[in-house]
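Q: I am new to this structure and would like a close look at one part of it. Could you walk me through the strands around the larger enclosed space, and then show me what lies beyond them?

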Amino acid sequence: MKKIYITTPIYYVNDKPHIGHAYTTIAADVLARHYRHQKADVFFLTGTDEHGAKIAESAAKAGLEPKDFADEKCEEFALAWKNLNISYDYFVRTTDDRHAAGVQRFMQKLHDVGALYQDTYSGLYCVGCERFLTDKELVDGKCPDHKTAPKKIHEKNYFFKLQDYLPTLKDLVESDSLLIHPAERKQEVLGLFKQQLPDFSVSREKVKWGIPLPFDKKQNAYVWVEALQNYITSVGYGDNAEEYAKWWPADVHIMAKDIIKFHAIYWPAMLLAAGEALPKRIFAHGFFTIDGQKMSKTIGNVIDPNDLVARYGSDGARYLLLSQFPFGQDGDVKADKFDQKFNSDLANGLGNLVSRTATLLEKNQIEVPEYSPIDLNIVQAAAEAIESLHYDIALKYAAELIAQANVYIDREAPWKIPATDKPKLSEVLVTTTQYIRTIAEILHPFMPDTSRSITAQFAGPTVVKGAALFPRLDLK
Ligand code: MSP
């Protein structure tokens, strides 16, 4: 049986879950659901990143111990994912004992193979980014993303000999042995190799909220270095050889382009050093704005995914987020058009088609035969599109079928066919039924509840009409 291991980034618990986190997590869920449907053995991992200076500071501000603070926030992520129907197989927290033990093993390994060295480091650290910034990156002396002045840090750290692994890594990226998608992201990563990529520090002396290095307990693992290791500690690295052999390497790490350098350079370089296999594919999608503006607390346009679920349902929220612009690219989320899009695509487009058809079948007591796709080529093309994460293409196929089916039903107008002409009525409604079932099959990973409801209503031979899929919103 084919195995598929899919990951999302693990999200920082200083933030509440917002639609940026939701976007990536839904995207990963689509892939996981698709492969499960194809009868693959799937392991879908998500979780939370809970150590480091940023979390410690946020906890202090909230008057809580970091772990208590993380416990609360972690629940918020778990709840949002439940509301959005995210089918993860494992939720990792970097404060889990298992993760800490795995990290210590991995750090020891890096130490043992001679990939680390000690040095004193002076630099400008942005706590918001949890990384050192270069002078060039600053705008008016401040971090351009967090608008705060970085802290001057001078301390003893362990460094990773990145230089030793760069040539090999570059070859692997160039030759697509390590796939970096979409194509422009691969180019971006290849561009990074042309710049100077200094060795990076893997530990922090003064950050107390973290995982101690086994060979020097005065130092904690640097939060990014430790967080990346969640991808292996969650599948048994060092504590379950069988599990680890089954799942690692990951088939795809999904994230946005903001953290591609960590995933496409630092992480594979450390794996090379430790003698572990590299992930097969890194997919870094674009970054979105909301109604043309960057999502930010200051602007006050941060959207809580739970609010979307409350208004549009779980499938509505999933659909509205993924259908905004082609997955992979940068784009704008037109939140001020969510209501209209919900009504036009879901209530009027799909919902109406399903309810009209079910009503007529029920009323005229017409039986339907087994499912047979209205167009097998489209079903296969949609599956391929999903596997290459071209979600917009798969959604477009579904939208085309919805449009075709609506044109067909309007043209044939079965509500005008006399009940006595049962063969004709049956022909039209069975055709529409096969359209609907095909649409449900394509949409299944995107809108699991909707798909299930359609399949149940049209299970046959008799059709039993269900509740409205997408009750139309009253727009004033
Ligand atoms: N904790 C690190 C990741 C460690 S992974 C080993 C981190 N966390 S984060 O909470 O900041 O999440 C960043 C991720 O959230 C992005 O890579 C992306 O997946 C998602 N997004 C956050 N805002 C987004 C947009 N505006 N647009 C697209 N994705 C968004 O970085």
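A: Happy to help; here is a walk from the strands to the cavities, then to the cysteines and two helices. Please keep in mind that this is a predicted model.

Let's start with strand β4, residues 116-126, and its neighbour β6, residues 151-160. These two strands run antiparallel and are joined by 10 bridges. To find your way along the pair, look for D119, whose bridge partner in β6 is N157. Another landmark is G123, which stands opposite I153 of β6.

β6 also pairs with strand β8, residues 200-201, in an antiparallel manner, through 2 bridges. Here F159 has S201 in β8 as its bridge partner.

Now return to β4 and follow it to strand β5, residues 131-133. β4 and β5 are antiparallel too, with 3 bridges between them. One of the pairings links C126 with R131 in β5. The two strands form a hairpin with 4 residues between them, and E130 in the turn has a positive phi of about 55°.

E130 leads us to the empty space you asked about. Rolling a probe the size of a water molecule over the atoms shows where empty space is left. In this structure there are 2 cavities of 30 Å³ or more. The largest cavity has a volume of about 60 Å³. E130 is part of its lining, together with G52, A53, Y125, R204, V207, W209, G210, N220, A221, Y222 and V223. Sorted by class, that lining has 7 nonpolar, 3 polar and 2 charged residues.

The hairpin region is also a good place to think about cysteines. A disulfide is a covalent bond between the sulfur atoms of two cysteines. Searching the whole structure turns up 0 disulfides. Why is C129 not bonded to C126? The closest cysteine sulfur to that of C129 is in C126, but they are not bonded because the distance of 3.7 Å is too far for a bond. C129 is counted as buried because its relative accessibility is 15%, with buried meaning under 20%. C74 is buried as well, with a relative accessible area of 5%.

Next comes the second largest cavity, with a volume of about 50 Å³. Its lining consists of G351, V354, S355, Q457, K465, G466, A467, A468 and L469. Helix α12, residues 338-363, gives the largest share of this lining, 3 residues. By class, the lining has 4 nonpolar, 4 polar and 1 charged residues.

Q457, one of those lining residues, takes us to helix α16, residues 448-457. In α16, Q457 is buried, and so are P448, T450, S451 and I454. An α-helix has 3.6 residues a turn, so residues three or four places apart point the same way. The cover over the buried residues of α16 includes α12, along with α1 (19-37), α11 (305-322) and α15 (422-443). α12 therefore appears twice in this tour: in the lining of the second largest cavity and in the cover over α16.For a last stop, look at helix α14, residues 391-412, where I393 is found. I393 counts as partly exposed, at 29% relative accessibility. The C-alpha atoms of I393 and F327 are separated by 9.3 Å, although these residues are 66 residues apart along the chain.

Definitions and conventions
Residues are numbered from 1 along each chain as its sequence is written. This is a predicted model: local features need pLDDT of at least 70, side-chain atom pairs count only at pLDDT 80 or more; totals for chains, interfaces and linings use all residues. Side-chain values use heavy atoms; hydrogens and water are left out. On a 1 Å grid over the protein atoms alone, a cavity is a set of points where a 1.4 Å probe fits but cannot get out, and a pocket is an open set with protein on both sides within 12 Å along at least five of seven lines; lining residues have an atom within 4 Å of a point. Grid points are joined across faces, edges and corners, and a volume is the space filled by probe spheres set on the points. Ala, Val, Leu, Ile, Met, Phe, Trp, Tyr, Cys and Pro count as nonpolar, Asp, Glu, Lys and Arg as charged, and the others, Gly among them, as polar. A disulfide is a pair of cysteine sulfur atoms within 2.5 Å. Buried means under 20% relative accessible area, exposed over 50%, partly exposed in between (1.4 Å probe, protein chains only). Contact means heavy atoms within 4.5 Å. Two strands pair if DSSP finds at least two bridges between them.
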